[in-house]
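Please open the model in your viewer and keep the selection panel at hand. The tour below goes from one selection to the next and says what is to be found at each stop.

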Amino acid sequence: MIDDETPVLDNHLHLDPDAHRGLDAVRDFARVGGTHLLVVNKPSWHLGVEADTGEDFRPVFERTIEIVADASAELPGRAWPVLGVHPGLISRLVDDRGYSPDEAREIMQGGIDVAAEFVERGEALALKSGRPHYDVSEAVWEASNAVMCHAFDHGGSLDCAVQLHTEASEDLTEVAEWAEDRGLPAHKVVKHYAAGRLEGPTPSVMSDKDRLERAADRAVEHDAPFLMETDYVDDPDRPGAVLGPKTVPRRVRWLLENDRADAVRTAHVETPELVYGIDTEGTLEGAPGQ
């Protein structure tokens, strides 16, 4: 069982502030033992924003911050916002709206600039960027990598983590090197939707049992950090998509029942501190100073 002193962090999920479950999903998470959340803004077009400039992303980020504050009030720990531009937007801009790849890059980099303002003010914890996980033209691929590196520039100057949405891979060493060239340590680059093994960035492991077993073994054998996530999308049109909000607490309980308390501590205490500088134990209700 999960005791009251065990932090349980879902490192990547989305909440729809208006159209779907929202805080009900947070309550489900807390009811089964969840304590902390990193809430990533939904893709801008899912919130009705068709961006033409970086400033157009501002209401998306502001609305995300509002629901994160509401989510924190429902948790024994707290929630933090992660803000940025979904890499799939480039295809929407180029294929559907007629922008050139360079024009799309400028719009998306402008959105990253606005997200970085919130991080600099302490209103958001980290940035989100990445590149398409599907085949695109060379020009779109180059533009996407430029957007991602722009996020690394901000991450390096602000000393904040950057979560990435990328193609499936167990080796993103080159991407981590691009970040380090811009002053962002590799461990502060987080591969969202990761498998149990990953070279380069810190893996945020999708919380199915097979992936978690591989991540837990690697954590013990190589002292390798990892995080756990659901990528819950909170979409009324895709109610069964990805994993539900109760999944991470249930997987933590499963790990504890299988004598993997070491892996739980790695994923929910040590790695959040290493990557984001957050104290998941000290921010629990009843912790000293709370």
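A residue counts as buried under 20% relative accessible area, as exposed over 50%, and as partly exposed in between. The model is a predicted one, and the first stop shows the definition at work: select Glu-270, which at 42% relative accessibility counts as partly exposed. Add Arg-265, and the two side chains are seen to meet in a salt bridge, at 3.8 Å from N to O; Arg-265 is itself partly exposed, with a relative accessible area of 38%.

Next, select Glu-55, Arg-58, Glu-117, Arg-121 and Glu-123 together, since salt bridges that share partners join these residues into one network. The structure as a whole holds 24 salt bridges.

From that network, move to the helices α2 (residues 58-72) and α4 (residues 101-120), which pack at an angle of about 35° with their axes 10 Å apart, α2 passing α4 in a right-handed crossing. To display the contact, select Arg-58, Phe-61, Glu-62 and Ile-65 on α2, together with Gly-111, Val-114, Ala-115, Glu-117 and Phe-118 on α4. Sorted by character, the residues of this contact comprise five nonpolar, one polar and three charged.

Now go to Lys-128, in strand β4 (residues 126-130). Which side chain of opposite charge is nearest to Lys-128, and how far away is it? That side chain is Asp-231, 6.8 Å away, and Lys-128, although buried, has no salt bridge. If residues up to four places away in sequence are not counted, Lys-128 touches several others, among them His-14, Asn-41, His-86, Ile-112 and Gln-163.

For the next stop, select Arg-182 and Asp-153, which form a salt bridge whose closest N and O atoms are 3.6 Å apart. Arg-182 lies in the loop between α6 and β6 (189-194) and Asp-153 in helix α5, so the pair ties together parts that are 29 residues apart in sequence. Arg-182 is partly exposed, with a relative accessible area of 32%, and Asp-153 likewise counts as partly exposed, at 36%. Select also Asp-181, found in helix α6 (residues 173-181), which is exposed with a relative accessible area of 64%; the C-alpha atoms of Asp-181 and Gly-156, 25 residues apart along the chain, are separated by 9.1 Å.

Two loop residues deserve a look at their backbone. Asp-159, in the loop between α5 (138-158) and β5 (162-165), has a positive phi near 55° and counts as exposed at 53% relative accessibility. Asp-223, in the loop between α7 (209-222) and β8 (227-229), also has a positive phi near 55° and is exposed, with a relative accessible area of 69%.

Finally, select helix α8 (residues 247-257), whose buried residues are Thr-247, Val-248, Pro-249, Val-252, Trp-254 and Leu-255, and whose cover includes β1 (9-13), α1 (23-31), α7, β8 and α9 (261-276). Just after α8, Asp-259 takes a positive phi of about 60°. On helix α7, pick Ala-216, which counts as buried at 1% relative accessibility and lies 8.9 Å from Leu-255, C-alpha to C-alpha. Leaving aside its neighbours within four places in sequence, Ala-216 is in contact with Phe-226, Arg-260 and Ala-263. Arg-260, which counts as buried at 18% relative accessibility, forms a salt bridge with Asp-262 at 3.9 Å between the closest N and O atoms, while Asp-262 is partly exposed, with a relative accessible area of 37%.

Terms used
Residues are numbered from 1 along each chain as its sequence is written. This is a predicted model: local features need pLDDT of at least 70, side-chain atom pairs count only at pLDDT 80 or more; totals for chains, interfaces and linings use all residues. Side-chain values use heavy atoms; hydrogens and water are left out. Helices (H or I, at least four residues) and strands (E, at least two) are DSSP runs, numbered from the N terminus. Buried means under 20% relative accessible area, exposed over 50%, partly exposed in between (1.4 Å probe, protein chains only). Lys and Arg count as positive and Asp and Glu as negative; His and the chain ends are not counted. A salt bridge is a side-chain nitrogen of Lys or Arg within 4 Å of a carboxyl oxygen of Asp or Glu. Contact means heavy atoms within 4.5 Å. Axes are lines fitted to C-alpha atoms, for helices over the stretch in contact, and angles run from 0 to 180 degrees between N-to-C directions. A crossing is left-handed if the near helix is turned anticlockwise from the far one by less than a right angle, and right-handed if clockwise. Ala, Val, Leu, Ile, Met, Phe, Trp, Tyr, Cys and Pro count as nonpolar, Asp, Glu, Lys and Arg as charged, and the others, Gly among them, as polar.
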